[in-house]
Every structure is written in structure tokens, then in C-alpha cells.
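Open the model in your viewer and keep the selection box at hand. We will go stop by stop.

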Amino acid sequence: MRSSENSRVFQSRSKIKFVREADWFLRAEWLRTRCHGDFGMKYVSTRGGAQHQRFTDILLEGLAPDGGLYVPEAYPRADLEAWRDLGYGALAFEILHLFADDIPSDELRALTSLAYTKEVFGTDEVVPLRTLEPGLHLLALSNGPTLAFKDMAMQMLGHLFEYVLAKRGQVLNILGATSGDTGSAAEYAMRGKKGIRVFMLSPRGRMSAFQRAQMYSLQDANIFNLEVNGVFDDCQDIVKTVNADATFKARFRIGAVNSINWARVAAQIVYYFWGYFRVTRSNAEQVSFAVPSGNFGNIHAGYVARCMGLPIKRLILATNENDVLDEFFRTGRYRVRGSTEVKATSSPSMDISKASNFERYVFDLTGRDPARLKELWRRLDREGIIDLSGTAEFTRVPATGFVSGSSTHADRIATIRRVFERYGRLVDTHTADGVKVCLEFREPGVPLICLETAQPAKFAEAIRESLGREPERPGGYEDLERRPERFEVIEPDAESVKRYIVAHC
Ligand SMILES: *Cc1c(COP(=O)(O)O)cnc(C)c1O
């Protein structure tokens, strides 16, 4: 007893001595870690330019100031024993608490239980598991208000934003561009939230009737739908131009809810644990997950869950014809596509030219070396490609659990039919991508969970092509296209959008 007390005193004395002798910089670093507690979760930039940020500091930001992405300094350990029998909201609290430990526990618990309810997600379970046959399951992530998995994280983000803005006495004007899914998930998460307005640009006549009606029918005073006479790229260019005006951006507190936001990744980690507990009886068992992928946000959350100690055997990444990521995992070459090279497919939410979260994964492959990462991304910007084949980085890939495959339109149509005929279950085109690829990697004795990322009702045309009939609408959406709409038509130029924001702030 006595000797351990002594050694503790000795240790703290020696630390103080070290600080006295150190230069002011080291002292400041030491004080900063003391103030935040030694065990607090801190965030760094993949490119080395930001250190010791806390969760609530990075929550409202997009990119780090050096252009990198924020990642936790280290992955926390999962407590599988303690978490196995928790309900979804309670599990979400336990996991998010590890990443957002600068929010007091009782307050974070209140936010998670507001986000994950039967009212919002339709069932007490929040995320039901559907067993197709023994060892093959769908994890139903698309029961939120916009019928796609983005609601899982976005609903939590809405509560986190409102909470942090209120604490700081700040407001936020979210400016975004959408071709469908992301914009509506953001609007449904932010509607009615205090201190937040959403200005969402969408291209005239380019969304499905369902997607358009879903957004434009919102009547909330803090949601502004701006229909742009142009295409999606015009909308995105306007957002970039407005954000490039630093004075305007600061004065009107312009923010974003893009898919590189760390809080979105963190909230997505939860359902990997949830799915694992539903299909296993002991924490020694392994499972594999299949994930229809675009920006690498969803599957990156699965990778983090694995790093935290969740026994995931394989992370099966599925792409459509836009196979940037499948190409990387097969060959080690990561080649971003030009916008004219991106194909418009029947799983449009996976039509990407580059995978914005991928930098986080490559950062880990480099052994978390920001200098090396920076060099790779400089090359990527310059040449549009990085080739990791034959490098130490690429040899680390198998140990991270990733395998990959891709699908074509014909594969998806056939898979929708096969899943319906064999299991009586209707899946959408994105989920069909995942099912098609996951069946190629099935192993005896390892349960396989395919993430269901959208409901078939959103993609009626492909269902008609596959089965010759209309998908059923979930309850509450029958009259969607007949509801009154609220939107403004706006010319495709940044000045008009700025004037609109000024007039509505
Ligand atoms: C966004 C989306 C995806 C792709 O998810 P990422 O996190 O971008 O990889 C897949 N399916 C649906 C339905 C989506 O909306």
C-alpha cells in the first residue's frame, strides 16, 4: 500500500520536474492533456495538421484545416460482455460515449434515446434482422423517415448539432447539394431543430418523383428547398463557390453535413455490433458483413468496429459498375474517375467518382503516417491515381478483413428476382448489389449479414423490370406525391443563392 502510494507520488513529481525543464511548447501540450484528462478521446487530422481536437470541436466542421479528415487518435476497446443484451438506444449510447466523451453521460444518453425510437424507425428494435435462411441475414437499416440507411446516422447528427449549438449559443446554416438521398436524410434530421436552417439545392427534373416529393413536401420553417435550373454538378459548383467566399461563410455561419463527418461514421458503428449480437450466442463467434458501398462511409464504420474488437471475419465490399473501390481491393490501384466517366446506374446512391472516406482507411494502412498520406494524396490530386500494389501498405489489406466484388444492372435485376422467389423478400437495387457480391464469399460456419441500405419503394422502376409489378409503399407514404409542396425555383448562380440566404436568415 505504502510503497505504491510512494511510487505514485514519485511519478507525479518526476512529471512536474519534466514539465519545468521542458520548453513552453511541451508544457502547453502537457497542460492540455491534463485539462482534458489523460484518457479523453482526441481527434487528429490524417494529414497531421490538427491535434488534440475533441468530439464537439470537430462535430460542426467538415475537413480539417489542412484538408485532411479527422480520425480518433486511437480506437477504443469494445466491451462485448456488457453490450450484448442492450437495446438499440442504450447500445448507441455506450458506443458513442467512447467517441464523444466530452459530452456529459446523462446528456448524451438523452440524445441517443431521442434519436433511436419506434416513432422514428418504426419498431422497438429500431434495426430488425431478417433471416433469409440459416446463416444468411439482412440487417434492415432503411426504416427511418427517408427509407435509406443514411437516416441511421443523420437522425443522431440532428440531435447532436442542436445540442452543441445551444451550448455554444451559435446557429448554423447548412448549405448542400443533392441528387436525392443525402439531401432528404439531412432535411428530415434537421427539420424543426433550433439554431439550424437547411438550404438544399436540387437539380430540376432530375430526381425520382418519390425523392422530389419527399423533400419538397416538408413544411418546416427552417427547411428551404431550392430547385435549380440545372444539373447536379451546377448545384455542387454553387455550394463550392459560396463556401469559397470566406467572409460570407463566416458571417452567415455556413456549414455542411457531408459524408466525411466523423460523427456519421461513429453513429454507423453501432449497427455492426447490434447485428453481431443478433446472430451469435457467444462473443467468440465470427461473422462477416456485406456492404453496398459508394463513399466508403458505411463500410468504414464496420472496419472501425472490427478495430475495436468486434469479431468480424470479412468485410465484403460491393460496388456497382462504378467500381473504384473494387478495383483497389483487387489490384492495389486507386484511380478516381472523371465526372464524365461516372455511369448513371440503377443503384444511383453508389454512383461515385471517388470515395471520400477512403483516406481514413489508407491512413491506417500507412501505419498512421501523415507525411506518407500527404504525399499519396498529393500524387492522387496530380495524377488521379495512386498505385499501392507491391507496397507494404497493400500487404496489410488482408489483415484488415476486406474483400470485394461488383455487380451489373443485369446482376441486380436477377438478384432481386432470386431473393424474392427463394425467400419471399423484396430488396432494392443497392441491397441487391450487396447480396450478389456476398454470395460469392459465403463460407460454411460463418454467419453472413448483408446490410439492407434502402427500401424497394424508392426504386420502383427496377422492381417493375425485375418482377413485373409495383413495390408496395410502406404505411404513411401512399399519398406522398399528392402532398402540398414547398420550394423555390432559383437560377444556377451563386449570387442568387447568397441573396436568398441573406433574405432568409
Ligand atoms: C449512400 C448509400 C450507399 C453508399 O454508402 P456509402 O457510405 O457512401 O458507402 C448505399 N446504398 C444507399 C441506399 C445509399 O443511400
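This tour of a predicted model starts at the ligand and then moves on to strands and loops.

**Stop 1: the ligand**

Select the ligand and the residues around it. The shell holds 15 residues. Among them, Lys 150, Gly 294, Asn 295, Asn 298 and Thr 453 are the closest. Now colour the shell by residue type. You get five nonpolar, eight polar and two charged residues.

Next, look at oxygen atoms of the ligand and at the protein backbone. Which distances can you find there? For Asn 295, a backbone N or O atom lies 2.7 Å from a ligand oxygen. For Asn 298, a polar backbone atom is 2.9 Å from an oxygen atom of the ligand. For Phe 296, the distance between a polar backbone atom and a ligand oxygen is 3.1 Å. How much of the ligand does the protein bury? On its own, the ligand exposes 380 Å², and the protein buries 96% of that.

**Stop 2: Phe 296**

Stay with Phe 296. This residue sits in the loop that links β9 (287–292) and α14 (297–307). Check its backbone angles. Phi is near 70 degrees, a positive value, and the residue is not a glycine. Most residues other than glycine have a negative phi. Is Phe 296 buried or exposed? Phe 296 counts as buried because its relative accessibility is 1%, and the cut-off for buried is under 20%.

**Stop 3: strand β14**

Select residues 448–452, which form strand β14. Five of its five residues are buried. Turn the strand to see its two sides. Leu 448, Cys 450 and Glu 452 lie on one side, Ile 449 and Leu 451 on the other, and all are buried.

Now add the neighbours. Strand β4 (residues 136–140) runs parallel to β14, joined by five bridges. Find Ala 140 there: Glu 452 in β14 stands opposite. β9 also runs parallel to β14, with three bridges. Here Ser 288 has Leu 448 of β14 as its bridge partner.

**Stop 4: the five-stranded sheet**

Move to another set of strands. What is their order? This open sheet of five strands reads β8-β5-β6-β7-β15, and the pairing is parallel. β8 (254–255) and β15 are the edge strands, and each pairs on one side only.

Zoom in on β7, residues 223–228. Six of its six residues are buried. Ile 223, Asn 225 and Glu 227 point one way, while Phe 224, Leu 226 and Val 228 point the other way.

Select β6 (residues 196–203) as well. Six bridges join β6 to β7, and the two run parallel. Phe 199 stands opposite Phe 224. Pro 203 has Val 228 in β7 as its bridge partner. Trace the chain from β6 through helix α10 (residues 209–216) to β7: this β-α-β crossover is right-handed.

Then add β15, residues 488–490. Three bridges join β15 to β7 in the parallel sense. Val 228 appears here too, standing opposite Ile 490 in β15.

**Stop 5: Arg 368**

Finish at Arg 368. Look in the loop between α16 (358–365) and α17 (370–383). Arg 368 has a positive phi of about 60 degrees, although it is not a glycine. How covered is Arg 368? With 24% relative accessibility, Arg 368 counts as partly exposed, because partly exposed runs between the 20% and 50% cut-offs.

Conventions
Residues numbered from 1 in each chain as written. Predicted model: local features only at pLDDT ≥ 70, side-chain atom pairs only at ≥ 80, totals over all residues. Heavy atoms only, no water. Near = heavy atom within 4 Å. Polar contact = N/O pair within 3.5 Å; in protein donor to acceptor, adjacent residues only side chain to side chain. Areas by Shrake-Rupley, 256 points an atom, 1.4 Å probe, with all protein chains shown as cover. Nonpolar A, V, L, I, M, F, W, Y, C, P; charged D, E, K, R; others polar. Buried < 20%, exposed > 50% of the residue type's maximum accessible area, 1.4 Å probe, protein only. Helix = DSSP H or I, 4+ residues; strand = E, 2+ residues; numbered from the N terminus. Pairing = 2+ DSSP bridges. Right-handed = clockwise from strand over helix to strand, strands pointing away.
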